Amino acid sequence: MELTVLASGSKGNCTYLRGERGALLIDAGLSARETLRRLANAGADASLIEGILVTHEHIDHIRGVDVLARRLRVPVYATGGTLEVFSEKYGPTSAEIRRCRCGEAFAVGDFSVEPFAASHDAREPCGFSVAEGDLRIGCCTDTGTITPSIFDHLASCDAVLLESNHCPKMLENGPYPAYLKSRIRSKRGHLSNPDAARCLQRLADHIHMAMLAHLSEINNTQERALNSALEELGLYSDQIAVTVAPQDPGPVHPGACGFRL
């Protein structure tokens, strides 16, 4: 499988996951036009997409879902809570909608997809583990804490896309108002660099690759996130390939903004 990050952060999130014969999108937080442009820039084939997996209803994850699903003529998969809020905000859609449940795997083409509950301030947020054959990739990009269930799902994977949102010192000393800082730091907010690093250290015996995602443009840097992870991994840092997802990869080869198993 090959994972390519098309966008990662508060301005939009979208990941293209390609298997042997088909592909999936995880979230579509850009406009449909911009998503298709970035797919083309990354050398990804939009015609292979068989479905859009949605983690939760925040705009940076669903901005292009409706238009893109109808344009590509593919179903949208999300939890009942996510779908309820989506409907409340945007009304009825002609896109094909399929409800999924955390802990219950379902098939999309050759992929086996299992949603798992995340800890975020949304109606029913989730992450996804996606398997094809003997390979499995986990995606958890919006969670304030790593619950035992999240860890167990990620530990079953060969590679993970994991949130590393903020540096605690930068957040504390930054320009955000107190209520927003409190929201980000909460267990239903966003994962900090140290928490992401500790999760990777615990996953070190299980995974081969990790990409850090959803970095704050204001309260983090790629260098801080990467260094935090590598310092926590210690001797394991030579065994796990750790990279950082950019907000906008630009016109680059997919290998520069993803990984391949």
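1. Among contacts in the protein between residues at least 6 apart in sequence, 65% link residues at least 24 apart. The model discussed here is a predicted one.

2. Overall dimensions. The protein has 261 residues and a radius of gyration of 17 Å, which agrees with the value near 18 Å that a compact globule of that length would have. Measured out along the principal axes, the C-alpha trace would be described by spans of about 45 × 40 × 35 Å.

3. Secondary structure. Nine helices and 14 strands make up the count for the protein. Two of the strands, β1 (2-7) and β2 (14-18), are joined by a loop that is taken up again in point 6.

4. Burial and surface. Of the 261 residues, 55% count as buried. The area that the protein exposes is about 11,300 Å², and carbon and sulfur atoms supply 48% of this area.

5. Charges. There are 26 positive side chains and 32 negative ones in the protein. The centres of these two sets lie 6 Å apart.

6. The loop residue G12. This glycine sits in the loop between β1 (2-7) and β2 (14-18). G12 counts as buried because its relative accessibility is 0%, and the cut-off for buried is under 20%. Leaving aside residues up to four places away in sequence, G12 touches A7, G29, L30, D60 and Q247. One of these, D60, is 48 residues from G12 along the chain, yet the C-alpha atoms of the two are separated by 4.2 Å.

7. Disulfides. A disulfide is a covalent bond between the sulfur atoms of two cysteines. The criterion applied is a pair of cysteine sulfur atoms within 2.5 Å, and by this rule the count comes to zero. C14 is in no disulfide, as the nearest cysteine sulfur, that of C139, is 11 Å away. With a relative accessibility of 1%, C14 counts as buried.

8. A second cysteine, C199. Why does the sulfur of C199 form no bond with the closest cysteine sulfur? That closest sulfur belongs to C140 and is 7.7 Å from the sulfur of C199, so the distance is too far for a bond. C199 also counts as buried, because its relative accessibility is 2%.

9. Points to look at in the structure. G12 can be viewed together with D60, given the 4.2 Å between their C-alpha atoms. For the cysteines, the pairs to inspect are C14 with C139, at 11 Å between sulfurs, and C199 with C140, at 7.7 Å.

Terms used
Residues numbered from 1 in each chain as written. Predicted model: local features only at pLDDT ≥ 70, side-chain atom pairs only at ≥ 80, totals over all residues. Heavy atoms only, no water. Buried < 20%, exposed > 50% of the residue type's maximum accessible area, 1.4 Å probe, protein only. Helix = DSSP H or I, 4+ residues; strand = E, 2+ residues; numbered from the N terminus. Rg over C-alpha atoms; globule rule 2.2 N^0.38 Å. Contact = heavy atoms within 4.5 Å. Areas by Shrake-Rupley, 256 points an atom, 1.4 Å probe, with all protein chains shown as cover. Lys, Arg positive; Asp, Glu negative; His and termini not counted. Charge placed at Lys NZ, Arg CZ, Asp CG, Glu CD.
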